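Work through the exercises below with the model open. Try each task before you read its solution.

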Amino acid sequence: MLVLVSNVALGQTADQLLVKAKSEAKAEGKNILLIFHASWCGWCKKFEKGLDSSLVF
């Protein structure tokens, strides 16, 4: 997530970011998780709390 935020701040378009993520994920045998989030969304907050769990990683 921090990678996405920092790359957007550097002026990369969503397409450029996705192409880079796909190539890195393919090289490392990983999947891509794209997160849409809103600070006011209760489900988003529950999801974010779940990502912080040690059970996820």
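**Exercise 1. Compare the span of H2 with the expected span.**

Solution. Start with the count: H2 has 15 residues. Helices here are DSSP runs of H or I, at least four residues long, and strands are runs of E, at least two long, all numbered from the N terminus. Next, take the expected span, which is 1.5 Å times one less than the number of residues. From first C-alpha to last, H2 reaches 21 Å, close to the 21 Å expected. Then step past the end of the helix: Gly29, just after H2, has a positive phi of about 65 degrees.

**Exercise 2. Find the elements with the lowest and highest mean pLDDT.**

Solution. This is a predicted model, in which local features need pLDDT of at least 70, side-chain atom pairs count only at pLDDT 80 or more, and totals for chains, interfaces and linings use all residues. Residues are numbered from 1 along each chain as its sequence is written, and side-chain values use heavy atoms, with hydrogens and water left out.

pLDDT is the predictor's confidence in each residue, from 0 to 100. List the elements: 3 helices and 0 strands, in the order α-α-α from the N terminus. Helix H1 (residues 2-9) has the lowest mean, 53, and helix H2 (residues 14-28) the highest, 93. For the whole protein chain the mean is 82, and 79% of residues reach 70 or more. Where pLDDT is low, the predicted coordinates should not be read in detail.

**Exercise 3. Explain why Cys41 forms no bond with Cys44.**

Solution. Apply the cut-off: a disulfide needs two cysteine sulfur atoms within 2.5 Å. The closest cysteine sulfur to that of Cys41 belongs to Cys44, 3.0 Å away, so the pair is too far apart for a bond. The search of the whole structure accordingly gives 0 disulfides.

Now check burial (buried is under 20% relative accessible area, exposed over 50%, partly exposed in between; 1.4 Å probe, protein chains only). Cys41 is buried at 15%. Cys44 is buried too, at 14%. Of the 57 residues in the protein chain, 11% count as buried.

**Exercise 4. Which residues does His37 contact, leaving aside neighbours within four places in sequence?**

Solution. Locate His37 in the loop between H2 and helix H3 (42-51). His37 is partly exposed, with a relative accessible area of 41%. Contact means heavy atoms within 4.5 Å. With those neighbours set aside, His37 contacts Cys44 and Glu48. His37 and Glu48 are 11 residues apart in sequence, and their C-alpha atoms are 8.9 Å apart.
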